[in-house]
Amino acid sequence: MRFDILTIFPDLLKSPLNEGIIRRARAAGILEINSHNIRDFAFDRHAMTDDRPFGGGEGMVMKPEPVAAALQAVNAEQAGGHVVLLSPQGRPYNQSLAAELAAYKHLIFICGRYEGIDDRLTDYIDDEVSIGDYVLTGGELPAMVLIDSISRLLPGVLGCVDSAGRDSFSRGLLKHPQFTRPRVFAGHEVPEVLMSGDHQAIRRWRLAQSVKRTRARRPDLLAGARFSADELKDLKSEGVETDGLRAETAAVKLDVALVHYPVCNKNKEIIGSAITNLDLHDIARASATYGVGTYYVVTPYEDQQRLAMEIIEHWRQGFGAVYNPDRGQALAKVVVVDSLESLFKEAGSRGGRYHVMATTAASGAATMSYKQVRQRLAAGERTLLLFGTGWGLAPEIMAQVDDVLPPLGGKGYNHLSVRSAVSIILDRLLADA
Ligand code: ADE
């Protein structure tokens, strides 16, 4: 992996990058780390890299040209690096962001100084990261923190292949207590079990200690941890309270499709309906909330397909992506297809056959209960849930599906919007409780 660091204090980086594990990984050719002095790219006589802020105010702002020129020079050597600005305004850094960044082959870090960098550099930057809610004098130490934590996730950097996998945080638990010689220190003995040679007992003890520590010190982390059925049993046998610990679930393989053609109108005639912004957004949000794989939008009309794509683009890449990135994440689930046949072709290339289920507001058509579908999903069955717009899915679709879910409600009035129905049905099928 290659790191390039753009800084005005390259000497600050020398020692941390030339000691211990990082030094060995560089010598072994696993890491290539280059630092670049931004001052070398300043164009004026005094090699100025900062200037006073327009509009007045405290401190100095990093000038855009030297940073842009330094980036250009790195790019000329090796194009396509992922550019990360270190700043207190960035995404909060944690183990999962370290793992995300470790997937890149080339990272370029810009170490901000003074009161920040000129905002017109935004177009050159892919990501902005903060190592915590405090302000340092510059991005150099944060860049070192990122390099250290990312490097140790790379194959070959740590001695033992699985060391990083057993880290604190990698599964949402703090590390258990560790002991080494002597057996007695200041009157305290090493716990008996660690001398027993019984590896299963040691594993159980360590897990119990991790859970107890995390519960006491970082209950926020524990909420995200998942435990296998065997681990929950072990924890109970170690006397650890397991109420509130969450069990691992098999990854659900559920896709949903919103069909705009062929559907019925009020008079039971076959029609095609129009795409709505609300259905696109709300069903995408429900899909992301409940862990649905793909949300297919089925319409044969090209103008409607274009409209859907424009809305998605706006939130994925346009101003919407900056304004509300979470919405873009939800809309990334949407795939627009022209027919159910195309959907099956597309889905077929991604995995095996579906159990295809229709939903309907009509009574008397149901062939499978919510409980049964819930169990089948929990067992990992690949399922597609079809929702009709208008007055519901056309009979020709109902005749092709494997099963039909019961209608919602049952109190006489039965006119939920399709997006309400999707949310309720997803909750019935996938909610934890
Ligand atoms: N530069 C100054 N403070 C910082 C922080 N907390 N994280 C990243 N870069 C910084």
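This dialogue walks through a predicted model, from its ligand site to a few backbone features.

Trainee: Which residues are around the ligand?

Mentor: A residue counts as being around the ligand if one of its heavy atoms lies within 4 Å. In this predicted model, the residues that meet this test are Leu86, Ser87 and Pro88, then Val129, Ser130, Ile131 and Gly132, and further along the chain Tyr134, Val135, Leu136, Gly138 and Pro142.

Trainee: How do the residues of that shell divide into nonpolar, polar and charged?

Mentor: Eight of the shell residues are nonpolar and four are polar, while no charged residue takes part.

Trainee: Which polar backbone atoms does a nitrogen atom of the ligand approach, and at what distances?

Mentor: For a polar contact one looks for a pair of N or O atoms within 3.5 Å. Here a ligand nitrogen lies 2.8 Å from a polar backbone atom of Tyr134, a nitrogen of the ligand is 2.9 Å from such an atom of Ile131, and for Gly132 the distance from a ligand nitrogen to a polar backbone atom is 3.1 Å. Taken alone, the ligand would expose 260 Å², and the protein buries 97% of that area.

Trainee: In which pocket does the ligand sit, and which elements give two or more residues to its shell?

Mentor: The ligand sits in the largest pocket, and the elements that give two or more residues to the shell are β5 (82-92) and β7 (127-130). Of these, β5 supplies the largest share, namely three residues.

Trainee: How is the chain divided into domains?

Mentor: The domain assignment gives domain 1 as residues 2-151, domain 2 as 184-247 and domain 3 as 254-430. To express how far apart two domains lie, one can take the distance between their C-alpha centres, which for domain 2 and domain 3 is 43 Å.

Trainee: Where are the cis peptide bonds before Pro182 and Pro262, and what is omega for each?

Mentor: A cis peptide bond is read from the omega angle, and the bond from Arg181 to Pro182 is cis with omega near 5°. Pro182 belongs to the loop between α4 (140-151) and β8 (184-185). The bond that joins Tyr261 and Pro262 is also cis, with omega about -5°, and Pro262 lies in the loop between β12 (254-259) and β13 (263-264).

Trainee: What is phi for Ala47 and for Ala186, and where do these residues lie?

Mentor: Here the sign of phi is what to read, together with the residue type. Ala47 is not a glycine, although its phi is positive at about 50°, and its place is in the loop between β2 (32-37) and β3 (50-51). Ala186, likewise a residue other than glycine, has a positive phi near 50°, and this residue is found in the loop between β8 and β9 (188-189).

Terms used
Residues are numbered from 1 along each chain as its sequence is written. This is a predicted model: local features need pLDDT of at least 70, side-chain atom pairs count only at pLDDT 80 or more; totals for chains, interfaces and linings use all residues. Side-chain values use heavy atoms; hydrogens and water are left out. A polar contact is a pair of N or O atoms within 3.5 Å; within protein, one must be able to donate a hydrogen and the other to accept it, and residues adjacent in sequence count only if both atoms are side-chain atoms. Accessible areas come from the Shrake-Rupley method with a 1.4 Å probe; for residues, only the protein chains shown count as cover. On a 1 Å grid over the protein atoms alone, a cavity is a set of points where a 1.4 Å probe fits but cannot get out, and a pocket is an open set with protein on both sides within 12 Å along at least five of seven lines; lining residues have an atom within 4 Å of a point. A molecule sits in a cavity or pocket if more than half of its atoms lie within 2 Å of its grid points. Helices (H or I, at least four residues) and strands (E, at least two) are DSSP runs, numbered from the N terminus. Ala, Val, Leu, Ile, Met, Phe, Trp, Tyr, Cys and Pro count as nonpolar, Asp, Glu, Lys and Arg as charged, and the others, Gly among them, as polar. Domain bounds come from an automatic or database domain assignment.
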